[in-house]
Amino acid sequence: MGYIDSLDGEEITVNIDGKIHAVPKETWNKIQYVLNEETGTLEEKVVSSFTQFPLKLAWAITIHKSQGQTYNTVAIDMGYGALRMGKHTLH
């Protein structure tokens, strides 16, 4: 996971653990294979394509807010542990 450092129409730079990485646009093609009857070979024909930045949005949610919800995938950062001391302590 990282943070967007800058972006323009052709490239996004992402800060991951203090290192800047360039993320260019990527194009994905849907290919249909067509038989060339003259040569007897299969040829690729692009029937559609889309171009986008290959990034996925992430967001944070508290443990309490997530109770009772269903998620397909999660990433849990336990770097500081699951529980932290609040401002008020009992003596």
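Lysine 56 sits in the loop between β5 and α1. In this predicted model, the residue has a relative accessibility of 79% and therefore counts as exposed, the cut-off for that class being over 50%. A look along the chain and then through space is instructive here: lysine 56 and methionine 1 are separated by 55 residues in sequence, yet their C-alpha atoms lie 9.4 Å apart.

The loop that holds lysine 56 also holds isoleucine 61, and its two flanking elements are β5, covering residues 41-52, and α1, covering residues 63-66. With a relative accessibility of 39%, isoleucine 61 counts as partly exposed. Isoleucine 61 belongs to a nonpolar patch on the surface, together with Leu57, Trp59, Tyr71, Val74, Ile76 and Met78. The accessible area of these residues together comes to about 850 Å².

It helps to step back to the whole chain at this point. Five strands and 1 helix make up its secondary structure elements, and their order from the N terminus is β-β-β-β-β-α. Of the 91 residues, 5% count as buried. The chain exposes about 9,000 Å², and 54% of this area is supplied by carbon and sulfur atoms. Contacts can also be sorted by how far apart the partners are in sequence: among those between residues at least 6 apart, 28% join residues at least 24 apart.

One of the buried residues is threonine 13, which lies in strand β2. Its relative accessibility is 13%, and because buried means under 20%, threonine 13 falls into that class. What does the side chain of threonine 13 make a polar contact with? The partner is the side chain of serine 6, at a distance of 2.6 Å. Serine 6 is also on the list of residues in contact with threonine 13 once neighbours within four places in sequence are left aside. The others on that list are Tyr3, Ile4, Asp5, Ile20, His21 and Ala22.

Two kinds of side-chain pairing can be followed next, beginning with charge. The structure holds 1 salt bridge, formed by lysine 25 and glutamate 10, whose closest N and O atoms are 3.9 Å apart. The pair links distant parts of the chain, with the two positions 15 residues apart in sequence numbering. Lysine 25 is in the loop between β3 (19-24) and β4 (26-36), while glutamate 10 is in the loop between β1 (3-7) and β2 (11-16). How exposed are the two partners? Lysine 25 is partly exposed, with a relative accessible area of 35%, whereas glutamate 10 counts as exposed at 56%.

The other pairing is between rings. The structure holds 1 aromatic pair: the ring centres of tryptophan 28 and phenylalanine 50 are 5.4 Å apart, and their planes meet at 20°. Planes under 30 degrees apart count as stacked, so this pair is a stacked one. Tryptophan 28 lies in strand β4 and phenylalanine 50 in strand β5, so the pair ties together parts of the chain that are 22 residues apart in sequence. Both partners are partly exposed, tryptophan 28 at 36% relative accessibility and phenylalanine 50 at 44%.

Notes: Residues are numbered from 1 along each chain as its sequence is written. This is a predicted model: local features need pLDDT of at least 70, side-chain atom pairs count only at pLDDT 80 or more; totals for chains, interfaces and linings use all residues. Side-chain values use heavy atoms; hydrogens and water are left out. Patches are made of residues with over 30% relative accessible area and no salt bridge: like charges are joined within 9 Å, nonpolar side chains (Val, Leu, Ile, Met, Phe, Trp, Tyr) within 5 Å. Accessible areas come from the Shrake-Rupley method with a 1.4 Å probe; for residues, only the protein chains shown count as cover. A salt bridge is a side-chain nitrogen of Lys or Arg within 4 Å of a carboxyl oxygen of Asp or Glu. Helices (H or I, at least four residues) and strands (E, at least two) are DSSP runs, numbered from the N terminus. Buried means under 20% relative accessible area, exposed over 50%, partly exposed in between (1.4 Å probe, protein chains only). Contact means heavy atoms within 4.5 Å. Rings of Phe, Tyr and Trp (its six-membered ring) pair if their centres lie within 6.5 Å; planes under 30 degrees apart count as stacked, over 60 as edge-to-face and the rest as tilted. A polar contact is a pair of N or O atoms within 3.5 Å; within protein, one must be able to donate a hydrogen and the other to accept it, and residues adjacent in sequence count only if both atoms are side-chain atoms.
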